[in-house]
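Here is a short tour of a protein and its ligand, written with modelling work in mind. Have a look at the structure below, and then we can go through its cysteines and its binding site together.

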Amino acid sequence: MKALVYHGPGKRSWEDKPKPQIQAPTDAIVRITKTTICGTDLHILKGDVASVKGGRVLGHEGVGVVEEVGSAVSGFKARDRVLISCITSCGKCEACKKGMYSHCESGGWILGNTIDGTQAESVRIPYADNSLYGVPKGVDEDALVMLSDIVPTGFECGVHNGQVKPGDKVAIVGAGPLGLAALLTSQFYSPAELILIDLDENRLALAKTFGATATVNSGDGKAVEKVMALTGNKGVDVAIEAVGITGTFDICQDIVTAGGHVANVGVHGKPVSLKLEKLWAHNITLTTRLVDTVTTPMLLKTVIAGKLQPKKLITHQFRLDELMKAYDTFGNAAKEKALKVLLSAG
Ligand SMILES: NC(=O)c1ccc[n+]([C@@H]2O[C@H](COP(=O)([O-])OP(=O)(O)OC[C@H]3O[C@@H](n4cnc5c(N)ncnc54)[C@H](O)[C@@H]3O)[C@@H](O)[C@H]2O)c1
Ligand SMILES: [Zn+2]
Ligand SMILES: [Zn+2]
């Protein structure tokens, strides 16, 4: 089969690989019909993710058709259409029993990381019963690919941990796919204000069409003043950090109102400073989270019912065998005006 293979920093190719085989009775082999590229894949290609070794097939998002299941898989059979979770989970260990699939003792984020991933014609999914979700006939698969990672991440790490409530003032720093997924899913709870902050005017304009009530370009360094002006100098109930750098974390600390929540989503490569000299008396809650994808069944229902339309996040379509070209587009997201790129087989 063909697959997108990482060969060390800056090196990737679309090449022949042996077709995956069942290795454990709990495995399934899935033929990929749709997949996409994540910002994390770009981090891997820069050499930022040490656990990913040369020769690895990348990708942790996708939908497909089950080709074969191991003898212990009871929830799926050949020809079932499935959504693949970016998080693999055994469902039995202590972390899984707490619903913290991201910390599964023999799973977690392993696809396209420590085992071969979904940017290929076929993929092996361990613990298939707990790591795959059945897709009802007639559901738009393009939309579902967004449920492998981006939408549960924006929802669980941003909206759910941030405890967005009706009437809340919410600010989301970062209007990338994750910030925009948080923007879409925060609307489940009818917040009064949804302020999106970014440097990219194109993404801010899109955010407006996705339900942002106001946008702030932070390029002039005045994001805090602008958000305070927009909120009658009170600040926001929920500040969601969806970039992963110290400056954007600082914005969140400076705009959260007393009693509010700062929900960190961004992956931080460097330390940030916690402004406890101000926040100690501010009754705030600060949360961090690696996505668990425990809300996938709920999110799937909202997509099927048309309440959530994550397809909006897809800006570019390619054939699966155009993965190399799709990486070029996604890697130049600002210039190409790209959010999520979708790859379809056949
Ligand atoms: N917690 C988790 O489980 C989890 C899972 C996946 C990804 N992530 C992380 O979430 C973050 C967002 O992911 P994404 O795919 O949307 O990334 P992205 O790079 O596509 O988007 C980030 C956005 O931040 C904006 N930005 C950059 N610097 C800024 C600044 N100084 N001020 C304001 N905006 C700025 C960019 O213009 C861009 O629109 C990343 O750090 C990613 O690694 C977290
Ligand atoms: Zn991802
Ligand atoms: Zn587990």
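A disulfide is a pair of cysteine sulfur atoms within 2.5 Å. Keep in mind that this is a predicted model. By that cut-off, the structure holds 0 disulfides. Why does Cys 86 have no bond to Cys 38? The closest cysteine sulfur to that of Cys 86 belongs to Cys 38 and is 7.9 Å away, which is too far for a bond. Cys 86 is also buried, at a relative accessible area of 3%. Cys 93 is buried too, and its relative accessible area is 10%.

Now to the ligand. Which residues are the closest to ligand 1? Of the 21 residues that surround ligand 1, the closest are Asp 198, Arg 203, Val 243, Val 265 and Arg 289. Sorted by class, this shell has 12 nonpolar, 6 polar and 3 charged residues.

Some polar contacts of ligand 1 are set out here:

| Residue and its atom | Atom of ligand 1 | Distance |
|---|---|---|
| Asp 198, side-chain N or O | oxygen | 2.6 Å |
| Ser 218, polar side-chain atom | nitrogen | 3.2 Å |
| Val 267, backbone N or O | oxygen | 3.0 Å |

How much of ligand 1 does the protein bury? Taken alone, ligand 1 exposes 860 Å², and the protein buries 80% of that area. As for secondary structure, helix H5 (150–160) and helix H6 (177–186) are the elements that give two or more residues to the shell around ligand 1.

How values were computed: Residues numbered from 1 in each chain as written. Chains lettered and ligands numbered in written order. Predicted model: local features only at pLDDT ≥ 70, side-chain atom pairs only at ≥ 80, totals over all residues. Heavy atoms only, no water. Buried < 20%, exposed > 50% of the residue type's maximum accessible area, 1.4 Å probe, protein only. Near = heavy atom within 4 Å. Polar contact = N/O pair within 3.5 Å; in protein donor to acceptor, adjacent residues only side chain to side chain. Areas by Shrake-Rupley, 256 points an atom, 1.4 Å probe, with all protein chains shown as cover. Helix = DSSP H or I, 4+ residues; strand = E, 2+ residues; numbered from the N terminus. Nonpolar A, V, L, I, M, F, W, Y, C, P; charged D, E, K, R; others polar.
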